[in-house]
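Dear colleague,

I am passing on the structure we spoke about, with some notes on what was found in it. Please have it open while you read, since the notes follow the strands and then the packing.

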Amino acid sequence: MDMMALMKQAQAMQKKMQDMQAEMDQLEVEGSSGGGAVVVKVSGKGDLKGITLDPSIVVAEEKEILEDLIVAAFSDARGKAERIMQQRMTEMTGGMQLPPGLNPF
């Protein structure tokens, strides 16, 4: 394979990675806990975008439970975002595995 073809392939892959990063930043994923009492929205990159709380769970005496539910919902949403990102990476690279430590995000 000649060097020019390899460079063009690398540039095309870089453009695809940039496009995917922009797409993942625009993507919003919801995670929930407590049977939907806590809903958290994150970007495809895992950045927190919003939290919705069912008013019935906002009780001062149960503050620790609410905090735990928020953490669980965030973890749920972030896990979903990571699975979507991994799926898109697999589609983009044709299943080719990236070397360990080479994460585009």
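In this predicted model, strands β2 and β3 pair in the antiparallel sense, with 5 bridges between them. Within β2 (38-43), residue Lys-41 stands opposite Gly-50, which belongs to β3. These two strands are part of an open sheet of 3 strands, in which the order is β1-β2-β3 and the pairing is antiparallel. The edges of the sheet are formed by β1 (28-33) and β3 (48-53), each of which pairs on one side only, and from one strand to the next the twist averages 20°.

Helix α2 (63-93) lies across β1, β2 and β3, and its direction is at about 140° to that of β1.

As for the packing, the largest nonpolar core has 11 residues, among them Val-29, Val-38, Val-40, Val-42, Ile-57, Leu-66 and Leu-69, together with Ala-73, Ala-77 and Ala-81. Two elements, β2 and α2, each give two or more residues to this core, and α2 gives the most, with 5 residues. A second, separate core is made up of 6 residues, including Met-17, Met-24, Met-89 and Met-92.

One member of the largest core that you may wish to look at is Val-29. If its neighbours within four places in sequence are set aside, Val-29 is in contact with Val-40, Lys-41 and Val-42, and also with Ala-77, Lys-80, Ala-81 and Ile-84.

With best wishes

Conventions. Residues numbered from 1 in each chain as written. Predicted model: local features only at pLDDT ≥ 70, side-chain atom pairs only at ≥ 80, totals over all residues. Heavy atoms only, no water. Core = buried A, V, L, I, M, F, W, Y, C linked by side-chain atoms within 4.5 Å. Buried < 20%, exposed > 50% of the residue type's maximum accessible area, 1.4 Å probe, protein only. Helix = DSSP H or I, 4+ residues; strand = E, 2+ residues; numbered from the N terminus. Contact = heavy atoms within 4.5 Å. Pairing = 2+ DSSP bridges. Axes fitted to C-alpha atoms, helices over the stretch in contact; angles between N-to-C directions.
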